[in-house]
Amino acid sequence: MTELNILSTIFASLSYMVIALFLLGVARKIYGYAATPSPLKIPTTPAPVSGGGVVIRMAREVILFESLFKGNKWTWLGGILFHVTFAVVLFRHLRYFTEPVPWLVALVAPVGILAGVGLLGAAAYLFVRRLAVDRVAYISSGADYFALILVGSLALTGLAMKFVFRTDVAMVKDFCMGIVTFSPANMPADPIFILHYLLVLTLGAYFPFSKLMHAGGIFFSPTRAQIDNPREARHVNPWADDVRVDKA
Amino acid sequence: MAGKIETPPLTGDKLPIPPVSPGAMANLSPNRAAEGHNTFLNFPGVRVGDWKEKAVEKMGDLLDKYKSLRVFMDICVKCGSCTDKCHYFLGTGDPNNMPVARQELMRKVYRKEFTLGGKLFPGLSRAEEMSEDVLAQWWSYYHQCSQCRRCSVYCPYGIDTAEISMAAREIMDSVGVGQKYCNEILGKVLEIGNNLGINPHALANTLEFVEEEQEEESQVKVRYPMDESGADVLLIAPSADFFSSPHIEGFTGYGKIFHEAGVSWTVSSYASEFANFGMFIGSYDTMRRVAERIREAAHDLKVKRIVVGECGHAWRVGYSFWNTLIGPFDFLDPSYRTPTHICEFTWDLIQRDGVKLDKSANDERVVTFHDSCNVSRASRMGDMPGGQYDIPRNIIKAVCNHFVDMDEETIKEATYCCGGGGGLLTDELMDLRVKGALPRANALHGVMESHGVNTMAMICAICKAQFTKVLPYYHIPMDMVASVHQLVSSAVVLGGKKGV
Ligand code: SF4
Ligand code: SF4
C-alpha cells in the first residue's frame, strides 16, 4: 500500500470530522425534537384516529408530499423532482462505498446519471422560482439560495466528472472504500472531484444546523404525527403542575 | 362606518393572489391591556424593565415545553406553499400576513438566540435580536393571525402558524405586554363566569325571557333551566347565545331538542361560558383555569354528561384539550362522549327518529354552511374523521329543503376564517376584520348569484358576531347569518314524537 499523501490525509481527516459532526448534530437535534413534550393534542384534522392511520398519513406526506400537492402544484412538481432525483443519485453513489456492488445499485446506475440531470434542473427551477415569484422572493434569505446552490453545484460537478473531465473512477472508489473501512487511501488529485467532495463535506456539516433538518423533523411534527383521539384516550401533559392521575 | 374601509367588488370566482405590498397593515395593532387585566391573569401589569432578556428566556422555556414550537422553528424550508393561503394576506397583500413571514418574525429571534448559524452568520439566515422594532412587529402581526390553521393544511410539514402566534402572545404577556380585548374578557369569565359579564340574576332573567318567547310562539312550554342539580345534561354554551341574534335563536333550538329528547338539562350560572380565550393568548394555565369552572359546575350539579353549544374555538378546547386540562371525567356517565357537541346530540336524535321535523318551515331559505376553522381543522364530531363537516350538513339537510355548498376550495378543511377569530373580534381591528373576510364573502357571493342563497348557517359564536358586522361592507345583508340550531328550532314540531 502506498503512503497517504498530504491532500488525502487532509481530506480523510475532514471526512471523519464531518461525519462525526453530521451524526452528532443530527442526533442532538432529533433528541431535542423527541424529548420535547407535547402538552396538548393538536393534529390538523381530519386526522387519523389510530396509530396505523398516522403511519399512512406520514408516509403520504414523506413519499408523496401530499400537503404540498394541495398547496401548490408547480412547487410540488419541482419538489418531487428534486427529492426523487436526489434519492436516486444518492443511491447510485452506493457503488462507491460497496464491494461487491449490490445488483440493485448496479441496475440503477444508468438511471442515476439521468437523475443527476434532473436534480440539476430541479435545483435550477426552484432557484429561479425563488427569485421570480414575489411572495417567495420576499421570504427567501441567503440560506435558502445557499442550499439550492450547494445541491445544484454538487449535481453540476458530478455530471462534469461523467461527461466533461473524466475522473479516475477506480481511484475514487478506492478512496471512498478507504473512508468507510477506516483505512484511508489516496484520493484522485483531480480538481473537479476535489470540489465535488468539498461540496459534499459542506452539505454534511451544514445539514444539522439548517432547515435541511426538515428531513428528520417532519416525523415529529405534532400536527401530522398525532392521533385524533382526545376524547377516547386522555392525553397527559407531563409538565402541568395539576396533573390528575387517572383512577385505575 | 360602512364604506370607510375599502372592499373590492366580489366576483364569486377564484380570488386573485394580491401582489406583495410591504407594510400595508403595519400600523394596525390592538389596544393594550390595562395593568389590572394583566395582573389578574398573573402577568406583569406593565412592561418589565429587562423585557428583552425576559422575552428570550420565555421563548427558551416554551421551546422546551412545546414540541410544536421546537420543531416548527427549525424545519420550515420556505417552500412558499402557505404564502397565499391566509385570508389576511389575500385581503391585505401585506407580506407579513403570509403565514411563513409571520413565523419568521419569531424565527429570526430564535435563530439569533438559539442557533449556532444565527449567531455566527446572522446575515445569511436573517437572524435578529429582540428589539423595540421586533416587538412592534410581533404586537402588530401576531394580532393579525386568527389562529385558524389554514396554513398548516398546505404546509408539507404541517407547520401551524397558530402555535407560533400563541407562543408569541404568551411571550408578550409574560413581559407585561398584553392585549386588552382578550385579557379583559378573561378577567370577566374568571370572575363572573362568562365573557359578557352577565351575572346570575341577569342570566336567570334571560332564560325566563327565552322560555316565555318560545312558549308564546309555539304554545308549548319548553324549559330553559338554570342551576338545577341532578339534571342529566349540563349545557355549556358560548355566552353570546344568551344575548344577541342570531345566537339566541340557536340557543332556543338547543332547548327544543332537549325537550323532544326527553332529557333534563341545565345551564350553570357559575360556568356560563363555553368560550375560552386562554387558548388565544397561548396560556395553558389561563386556559385551564377557565375550563376548571366547567368541571366544578358539572361536579356540583351532579350531571351525567356535558353537552356544548355552537362555538368554534371553544369546541377545539372542549374536544381536544378538556380531557387533558380538566379530565379525567370519571364522575360523569362513561357511556357518553365528554364533551358532546350539540350537533352530535341533535344528529343522533334525528337518526334515531326521536324528533319530528317540518322542513317546510325553512322553505323560504336557501342555505349554505360556513365551516368554522377550529371545528374544521382542530376537532372532530362523531366517530369518523370528517364528521365535523358531515354532521352539521346532515342536520341542515334534515331541517331544510334547499342546501348548497360554497366553492369546494373554501369549505371543509380548506375553509376560510370569518376574519374575526383568535381574539381579534374587537373594533380597533375592524380594518383587518373586514379585509380578512374577503375570501369568505367572495365565495358566499358566488352561491348567492348562482343559487340564490339567502342564509349562511354556522356553528360558531365568533363567526356569527363577525359576519353580522362585516358582511354589510361587502353589500351582503347581515340577516343572512344563521345558527344551525336556529334552523333546527324552526323545523322542530314540538311534541311530535316522544323522545328516546
Ligand atoms: S408551507 Fe411550511 S415549509 Fe413551506 S414556507 Fe410555509 S411554513 Fe414553510
Ligand atoms: S393560522 Fe390562519 S390567520 Fe394565522 S397565519 Fe395561518 S392562515 Fe393566517
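Pro246(B) sits in the loop between β1 (233–236) and α12 of chain B. The peptide bond leading into Pro246(B) from Ser245(B) is cis, with omega near 5 degrees. This is a predicted model. Its largest nonpolar core has 191 residues, and helix α15 of chain B is largely enclosed by the rest of the structure.

**Backbone geometry**

- Most residues other than glycine have a negative phi, and most peptide bonds are trans.
- A second cis peptide bond, between Thr338(B) and Pro339(B), has omega of about -10 degrees.
- Pro339(B) belongs to the loop between α14 and β4 of chain B.
- Lys302(B) is not a glycine, yet its phi is positive, near 55 degrees.
- The loop between α13 (284–300) and β3 of chain B holds Lys302(B).
- Lys302(B) counts as exposed because its relative accessibility is 59%, and the cut-off for exposed is over 50%.
- Asp353(B), also not a glycine, has a positive phi near 60 degrees.
- Asp353(B) comes just after α15(B), in the loop between α15 and β5 (367–369) of chain B.
- With 45% relative accessibility, Asp353(B) counts as partly exposed.

**Helix α15 of chain B**

- Helix α15 spans residues 342–351, and eight of its ten residues are buried, so the helix is largely enclosed by the rest of the structure.
- The buried residues are Ile342(B), Cys343(B), Glu344(B), Phe345(B), Thr346(B), Trp347(B), Leu349(B) and Ile350(B).
- Helices that these buried residues pack against are α12 (247–261), α14 (312–325), α17 (387–399) and α21 (484–491) of chain B.
- Strands β3 (305–308) and β4 (340–341) of chain B also pack against the buried residues of α15(B).

**Nonpolar cores**

- In soluble globular proteins, nonpolar side chains tend to be buried together.
- In the largest nonpolar core, of 191 residues, those with the most contacts inside it are Met106(B), Trp138(B), Phe251(B) and Trp322(B).
- This core lies between domain 1 (35–178) and domain 2 (186–491) of chain B, because both domains give residues to it.
- Beyond its neighbours within four places in sequence, Met106(B) is in contact with Met59(B), Leu69(B), Met73(B), Trp138(B), Tyr142(B), Ile164(B), Ala167(B), Ala168(B) and Ile171(B).
- A second, separate core has 16 residues, among them Val172(A), Phe175(A), Ile179(A) and Phe193(A).

**Surface patch with residues from both chains**

- Leu21(A) and Phe209(A) join Leu116(B), Leu120(B), Phe121(B) and Leu124(B) in a nonpolar surface patch of about 540 Å².
- Leu116(B) lies in helix α6 of chain B, which covers residues 116–120.
- Leu116(B) has 48% relative accessibility and therefore counts as partly exposed.

**Pro19 of chain B**

- Pro19(B) is placed in the segment before α1 (35–40) of chain B.
- At 60% relative accessibility, Pro19(B) counts as exposed.
- Setting aside residues up to four places away in sequence, Pro19(B) touches Asp134(A) and Gly93(B).
- Pro19(B) and Gly93(B) are 74 residues apart in sequence, but their C-alpha atoms are 6.2 Å apart in space.

Note on methods
Residues numbered from 1 in each chain as written. Chains lettered and ligands numbered in written order. Predicted model: local features only at pLDDT ≥ 70, side-chain atom pairs only at ≥ 80, totals over all residues. Heavy atoms only, no water. Patch = residues over 30% accessible without salt bridge, like charges linked within 9 Å, V, L, I, M, F, W, Y side chains within 5 Å. Areas by Shrake-Rupley, 256 points an atom, 1.4 Å probe, with all protein chains shown as cover. Salt bridge = Lys/Arg side-chain N within 4 Å of Asp/Glu carboxyl O. Helix = DSSP H or I, 4+ residues; strand = E, 2+ residues; numbered from the N terminus. Buried < 20%, exposed > 50% of the residue type's maximum accessible area, 1.4 Å probe, protein only. Core = buried A, V, L, I, M, F, W, Y, C linked by side-chain atoms within 4.5 Å. Domains from an automatic or database assignment. Contact = heavy atoms within 4.5 Å.
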